[in-house]
Amino acid sequence: MRAILNGEGIVLGTCYYPEHWKKELWAEDLSRMLAVGIEVIRIGEFAWNKFEPQEGQFTFDFFDEFLDLAQEKGMKVIFCTPTATPPAWMSAKYPEILNADRDGHLYRHGNRQHYTYNSVKFQEFTRRLTEELGAHYGSHPAIIGWQLDNEFNCSLNEFYAESDTIAFQEFCREKYRTLDALNEAWGTVFWNQTYTAWEEVDVPRKVPADSVNPHRVLDYYRFVSDSACRYAKLQADILRKYLKPGDFITTNGIFGNLDNHRLTKESLDFMMYDSYPNFAYCLDDYRAEDFLKDRKWSRNLAQVRAISPVFGIMEQQSGANGWVNRMEAPTPRPGQMTLWTLQSIAHGADFVSYFRWRTCTFGTEIYWHGILDYSGRDNRRLLEVADIGDKVKRLDRLAGAVSGAKVGILQDYDNIWDAQVDSWHARVDRKSGASLFMALQQNHVPFDFVSLPEADLSGYEVLFYPHAAILTKEGTKKLEDWVAAGGKLVMGCRTGYKDAHGKCVMDYLPGLAAKLVGTDIPEYSFVAPDEGKVMVSWDGERAEAAVFCDQLEAVGEHAKVLARYEGGCFAGAPALVRNAYGAGEAYYFGAAFGVDTAELFLRRLEAAEPYGEQLLLPKEVELAVRKKDGTAYLFVLNYQHEAVEIEVKRPMQELLSGQTLNGKLKMKPYEVMVFV
């Protein structure tokens, strides 16, 4: 059985860097961790030189000594491959390992992740190091699992070195087989971009007006993801040979230009996430009017849950965050560490590891504070960790519990990456993404992100697919089957107008979705700046048609117009069509979703306040739900720095206090309650 994420309990950990501290501190630190309930440490992710101080010369004495001490103390260890920080001797002697910017200038040694996955030389060094580490440490009894690298695609998620060009050419050759097929897919006849040799196919570098062929860039993002996935698998395949029974492989994410589902499926036992809600309070981009602030990290946690239904947190906020050159932020207020820890657990985490134990006294991250400050003295945050340790033990019964959401937001990587390429797509996507999350939060609707095409849709009652610009036959067929079986699907403007290459289709819009949604779109437009707000009225309730408007027509005997535009160039035209499809129904809304529009859909589809018979909650608190063995565990989280009132409508047990509660209650600032 795995030592963590095993369905038996919730475990706390921390990140530790023995190479940063005098050996005399090691034993004391481990004992202090154990005393406050920390059972697991992560080590080694930036320590390549400790294993290979010179090319080909391996030494293990340093971490042998530390691991033996950890075993003696009873501390469990997640051991990392330290490939995120290639050593200086490698960068100097083999500059071909280095990544480059779009102009081809190499990134130099002195930060982290300055390598490119596609350097054959770097792959050679990685393969040799991973083999050495696996062979030497794989049997060590203190080690319970391995982390690959650190935060794939974090520091950089674009790659422009010569080795990347060579690898991109091979990626394209493997995908398209012939230059004729590539030229057709990318529409290279436009602006005379036609390629006549594979050597001409470059990674997308700078061009006039920075307007690179969008179809080429879409494939480039796929290539970046493919490169990262292949690099992770290189390491995982080696380590699998050396794992003890019960040991696992993971990594910490999640970052952009990366198919994290593929990464997990090919190389990991589960995904970990690095959760830093304090980013919401960074001084350089803080917005007082942002209602959600740190609550927005629940959206990120839902993204991780879509990859790993039960997951872990490798780095959880424990102190002020900041580098010497950016990200100035305050220290978490009393109670916020507890709030953020339980936020992670509420959304599926059964392991929470704090970054970091001691705050480093040197380097770029001297202001990225850990549990302890520079002196190492006992402090308020250490006491709070001890209290968290007591609290989470009361939640052991829900370990392994998964999301019970009946509402989902559909996603796929084609559209995520297309929205990075296409500014028209990006505008509606940003608006609807933020609005849907706000509406779901304010109406206390637990939700999942649901990934096409692999996800099982059968457990959901309502799905939003806001702006599926790219539709595939496979994905569309899956949606048709789900709706026909009784599901309710909501789609928004700009649906179905592109193929998998990002090229606009010549079909009547919304393309492949037309049959499902019973809609034709003869014309469309952005909302003009001089038009003001365009509204729709749905049975007397008015809401905004934001950003963009598709002019709609209902098509077929089962399609019905539910709302029309008020204002704008399509005033009076249909704005919302419902199509009965099998036992279910599909809705096509011709605009992006504002918060009021998203809330209107939740009410009309009877999805708002699904636990309203048990709890009456104000908008200031979040409701998150995990389910296990038919039991729902209801987390109520107060993100405010003031007390709020909630009402428990029938007697319910509150797990953290052990009390049975009923009626109106005051929740303290940053307090969390867990009802069952």
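Me: Two cysteine sulfur atoms count as a disulfide when they are within 2.5 Å of each other. How many disulfides does this structure hold?

Reply: Zero. One thing up front: this is a predicted model, where local features need pLDDT of at least 70 and side-chain atom pairs count only at pLDDT 80 or more, while totals for chains, interfaces and linings use all residues. Residues are numbered from 1 along each chain as its sequence is written, and side-chain values use heavy atoms, with hydrogens and water left out.

Me: Okay, take C172. Why is C172 in no disulfide?

Reply: Its closest cysteine sulfur belongs to C229 and sits 17 Å off, which is too far for a bond. Over at C549, there's no disulfide either: the nearest cysteine sulfur, in C569, is 6.7 Å away.

Me: What makes C172 and C549 buried or exposed?

Reply: It's about relative accessible area: under 20% is buried, over 50% is exposed, and in between is partly exposed (1.4 Å probe, protein chains only). C172 has 1%, so call it buried. C549 has 6%, so that one is buried too.

Me: And how much of the chain counts as buried?

Reply: Of its 676 residues, 59% do.

Me: How do you know whether the chain agrees with a compact globule?

Reply: Compare radii of gyration, taken over C-alpha atoms; the globule rule is 2.2 Å times the number of residues to the power 0.38. For 676 residues that gives a value near 26 Å, and the chain has 26 Å, so the two agree. Along the principal axes, its C-alpha trace spans about 75 × 75 × 45 Å.

Me: How many helices and strands are there?

Reply: The chain has 17 helices and 28 strands. Both are DSSP runs numbered from the N terminus: helices are H or I with at least four residues, strands are E with at least two.

Me: What makes β16 and β19 a pair?

Reply: The cut-off is at least two bridges found by DSSP. Strand β16 (residues 535–538) has four bridges to β19 (residues 559–566), and the two run antiparallel. Two residues of β16 show it: S537 has R564 as its bridge partner in β19, and V536 has Y565. Strand β19 also has five bridges to β20 (residues 574–581), again antiparallel, with V561 partnered by V577 of β20.

Me: Which sheet do those strands sit in, and why are β12 and β22 called edge strands?

Reply: The sheet is an open one of ten strands, ordered β12-β11-β13-β14-β21-β20-β19-β16-β17-β22, with mixed pairing. Its edges are β12 (447–451) and β22 (592–593), as each pairs on one side only.

Me: Which peptide bonds are cis, for example around R356 and P453?

Reply: The bond joining F355 and R356 is cis, with omega at about -10°. R356 is in the loop between β9 (349–355) and α12 (380–393). Another cis bond runs from L452 to P453, where omega is near 5°, and P453 belongs to the loop between β12 and β13 (462–465).

Me: What is notable about phi in Q113 and D629?

Reply: For Q113, phi is near 50°, which is positive although the residue isn't glycine. D629 also has a positive phi near 50° without being glycine. Q113 is in the loop between α4 (88–93) and α5 (120–137), and its relative accessibility is 5%, so it counts as buried. D629 is in the loop between β24 and β25 (631–638), and at 74% it's exposed.

Me: What makes an empty space a cavity, and how many turn up here?

Reply: On a 1 Å grid over the protein atoms alone, a cavity is a set of points where a 1.4 Å probe fits but can't get out. Searching the whole structure gives four of 30 Å³ or more. The largest has a volume of about 100 Å³, counted as the space filled by probe spheres set on points joined across faces, edges and corners.

Me: Which residues line the largest cavity?

Reply: Lining residues have an atom within 4 Å of a point. There are 13, with R305, H347, P446, F447 and A624 nearest the centre. Strand β24 (residues 621–628) gives the largest share, five residues. The lining splits into seven nonpolar, three polar and three charged. Nonpolar covers Ala, Val, Leu, Ile, Met, Phe, Trp, Tyr, Cys and Pro; charged covers Asp, Glu, Lys and Arg; the others, including Gly, are polar.

Note on methods: On a 1 Å grid over the protein atoms alone, a cavity is a set of points where a 1.4 Å probe fits but cannot get out, and a pocket is an open set with protein on both sides within 12 Å along at least five of seven lines; lining residues have an atom within 4 Å of a point.
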